[in-house]
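Visitor: I should like to learn how to read the sheets and the chain interface of this model. Please take one feature at a time.

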Amino acid sequence: MKHRYLPMTPQDQADMLQVIGMDSMEQLFQDIPTEIRYQGTLPISEALDEISLLRHMKQLSDQNADFDRYTSFLGAGIYDHHVPVVINHVISRSEFYTAYTPYQPEISQGELQAIFEFQSYICELTGMAVANASMYDGATALAEAGSLAASATRRKQLIVSRAVHPEARQILQTSARGLNLDIIEIDVQNGVTDLEHLESMISPDTAAVLIQSPNFFGCIEDIRTIGDMIHAHKGLLVVSSNPLSLGVLESPGKLGADVVIGDAQPFGIAASLGGPTCGYFAVTEALMRKMPGRIVGQTLDRDGKRGFVLTLQAREQHIRREKATSNICSNQALLALCASVYLSTMGKQGIQDVARLNIQKAHYAANAIRHSERLAIANTSPFFNEFVIKLPEEAKVTQINEQLLAAGYLSGYDLGLAYPELQGHLLVAVTERRTKDEIDQFVTRLEACL
Amino acid sequence: MSQNQALIFELSQPGRVAYALPECDVPEVNLSEMIPSSFLRTEPAALPEVYEVDVIRHYTALSRRNFGIDNGFYPLGSCTMKYNPKINEDVARFAGFAKIHPYQPEASIQGALGLMYTLQQDIAALTGMDQVTLQPAAGAHGEWTGLMMIRAYHESRGEVRTKVIVPDTSHGTNPASATVAGFETITIPSNDRGHVDLEALRSVVGQDTAALMLTNPNTLGLFEEQIVEIARIVHEAGGLLYYDGANSNAIMGITRPGDMGFDVVHLNLHKTMSTPHGGGGPGAGPVGVKAILTPFLPKPIVAKREDGSYYLDDNIPQSIGRVKAYYGNFGILVRAYTYIRTYGPEGLRQVSEYAVLNANYMMHRLAPYYEISYPGVCKHEFVMSGKSFKQYGIRTLDIAKRLLDFGYHPPTIYFPLNVEECIMIEPTETESKETLDAFIDTMILIAEEAATNPELLLNAPYDTVVRRLDETQAARKPVLNCSCG
């Protein structure tokens, strides 16, 4: 069968085989032993023509309840933020998306400069000295931060707050098993890390304390105090942060963080069932050469013109092999580009405005919940754009969420799934995309479900 | 272009905006009444102030300083730079795929779960494995996932196995992944034919062998003809076999890692399955395993109920845990599934056949001009050495840089490490004979230039937006951000 991506004609094939000195395609595979040759046709999905394939994919797509048709109050790490229309136009430039890693800098200056600008944006927002070219996502970046801390301090113990995203903590656990590190988890009190418990657990064996702020419950942690606690024992502070919040919240760097990581999904990256997103990773100057992943640096060409290259590669797997700082090879360049275009579009004023809108709307929603007779807000700690609703004792979150789905809402995250003590608690996010009407109606609907 | 390309920060003019947010429609409260001022910024982040036309022109200018597959031939060995189909891009942007949340009720994402389930099945069939996880975000991430499963398997049998064996031709990620999974790496030399040296292998396998990691065809583009014997040696010692799927484009429908004796395999969807490399990512690195390893798969995997509905199965008691937030790089999985449905089983076999024919054709035509390191039949890629040009003071790097002037992306250079002045070419199946011929003619011309006018190569490139860059300076005095704030 002729195929639209395959140019080979029978004549081409005959000519090429002749040059090689072969009579048949079969001879090309003579080095594969017969006993392991696959006989027959693979039992995989059949080919479809373009019209049928588009129809099939549309059918699959239509079976999913998307943000265009449903009003989302789901957060928990992935958010329904506005994606400025310019972003898709930029990332659809195939010079960007069909390129490989910029190993040949002379013809990759566009990508290299875009990453350099991404690193600059991340440093500016986090208050850190150095950022890398991005990681798989915020959750794996947390595990990499733990690994960096253990290697930098030569200590084996990591202390992580239970207010860090449960899935990020699960990955940290998996990763710690590989590296033979110990993990201690710290309780949550009123939506934030229990500082007394934390202080009692920190010791000279602690490589790092890992927190998230705003944390999984939406609450803002006291970064400075936690930093002082761990620094007193010469360990490191790792802060995972929703970067959109840093439009108005003080940068973790200024508050004493040694490593700041997180997920740039709020910066114009499609939710896409949770991936691909883009992790970011920033450190103090002292930790620069311990960082995982690619880093772009500025330099000059032969004629003295400014240019950009991948640099400090002596840390990386393709040079250092088993002694590398990490096994990571790729980055999330196209999504780092998304984030950069987002930040270029929002700019100095817009990043503050969008962060403020999130705070205003989330606090309006929380107030509406507070005024409801049967609903309550679980915590009094300050929060960003997410908060926890405490439902009445007998309420079943799964059933409520199914009813709300039927009414056109993607309701909040059922905290009982990850925190046994939080049965009947709903984590909701309110972004700049939600209108007052949507919020009011959601609260009314939620009450009606009880 | 004699001027530096401006940074976006350098375009900033106070007062310009490129966004239009809605007015706040809820009663506004002072920020400090909601959040203590000690938590708030005292200075706004110094982001640029530009308008929308600046944004578009800036990134359009950057894109024109970049080279992708859509710009031209990109024979980068071991990277499988095949055409990235446009339908894949369109489909991944459908609202029902792009605008869905990982924590929606399962009933509201049945299309997505069904797609993932089918992709798991298809990858299992393609690789000869019993079960697949779609969580890993990239090849290296898949390697680590696979090795963690191997470790859990040995531990479950009460065995302490600490060593992972890799050949000297392996990707750097193999030993690096072994380290982060808690193993020691043993590197064994290849024999003079570029294959695994069986004696060297026999001399290192033993009771401490956890696994052998192998790419097949290997990074020299050669099929390990003795793979069945290799598998026997490792299995008899109680070790398992890991298949680095980076070179799977050579074997689809022709042979399967599972049938060769491998126990674990990862596929790079951004190589074999045509999903775009994106300038360095995102990719996806699903991992398939034989039945002995399924108890250790990461949680959750997508499963199907008897009534035909799909769900996320978290009930894997011996699981190594989670390796990626949510369910993997779903947007990439959508593209890979679309690709498989574009070709079907017969088409994918054609893909591999043509990829191998193209590589062999190039190798034969270039053989009179460049030293082919391992003559014979290659698979989807082959390696040459540039060492014969050293007599003119020319290195492989110079040949690569000269190619830039002719509008080509150079092949992979200086990898694998065991070939001096290595040049590694992978044409892929989506290039026409005319494209291959034009590139070959250029390579022949450059070989002549190297002998007759080496200065020309030493100073190349000439026609790029920047010329050779000072990488030593970049590493010695790192400038890693614009410090514009």
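Guide: Let us begin with a pair of strands, bearing in mind that this is a predicted model. Strands of a sheet pair through backbone hydrogen bonds, either parallel or antiparallel. Here, strand 9 (residues 259-263) and strand 10 (residues 279-283) of chain A are joined by five bridges in the antiparallel sense. Within this pair, Ile261(A) has Phe281(A) of strand 10 opposite.

Visitor: In what order do the seven strands of the open sheet in chain A follow one another?

Guide: The order is 2-10-9-8-7-3-4, and the pairing is mixed. Strand 2 (130-131) and strand 4 (182-186) of chain A are the edge strands; each has a single partner, so one side of each lacks a neighbour in the sheet.

Visitor: Which strands does helix 5 of chain A lie across?

Guide: Helix 5 (residues 109-126) of chain A lies across strand 2, strand 9 and strand 10 of that chain, at about 65° to strand 10. Helix 7 (residues 166-179) of chain A also packs on the sheet, where it touches strand 3 (157-161) and strand 4, its direction making about 155° with that of strand 4.

Visitor: How is the open sheet of four strands in chain B ordered?

Guide: Its order is 10-11-13-12, with antiparallel pairing. Strand 10 (371-372) and strand 12 (412-413) of chain B stand at the edges with a single partner strand each, so one side of each is without a neighbour in the sheet. Between strand 11 (residues 382-385) and strand 13 (residues 422-425) of chain B there are four bridges, and Ser385(B) stands opposite Cys422(B). Helix 11 (residues 330-366) of chain B packs on this sheet, touching strand 10, strand 11 and strand 13, and its direction makes about 20° with that of strand 11.

Visitor: How much area do chain A and chain B bury between them?

Guide: The size of an interface is often given as the accessible area lost when the parts come together. For chain A and chain B the value is about 17,100 Å², with 62% of it on carbon and sulfur atoms. In chain A, the residues that lose the most area to chain B are Glu106(A), Leu273(A) and Arg321(A), together 6% of what that side buries. The contact involves 184 residues of chain A and 202 residues of chain B.

Visitor: How many salt bridges are there between chain A and chain B?

Guide: There are eight salt bridges between the two chains. One salt bridge joins the side chains of Lys379(B) and Asp31(A), at 2.8 Å from N to O. On the side of chain A that touches chain B, helix 11 (residues 333-370) of chain A supplies the largest share, 25 residues. The residues of that side divide into 86 nonpolar, 59 polar and 39 charged.

Terms used:
Residues numbered from 1 in each chain as written. Chains lettered and ligands numbered in written order. Predicted model: local features only at pLDDT ≥ 70, side-chain atom pairs only at ≥ 80, totals over all residues. Heavy atoms only, no water. Pairing = 2+ DSSP bridges. Helix = DSSP H or I, 4+ residues; strand = E, 2+ residues; numbered from the N terminus. Contact = heavy atoms within 4.5 Å. Axes fitted to C-alpha atoms, helices over the stretch in contact; angles between N-to-C directions. Buried area = accessible area lost by both parts, 1.4 Å probe. Salt bridge = Lys/Arg side-chain N within 4 Å of Asp/Glu carboxyl O. Nonpolar A, V, L, I, M, F, W, Y, C, P; charged D, E, K, R; others polar.
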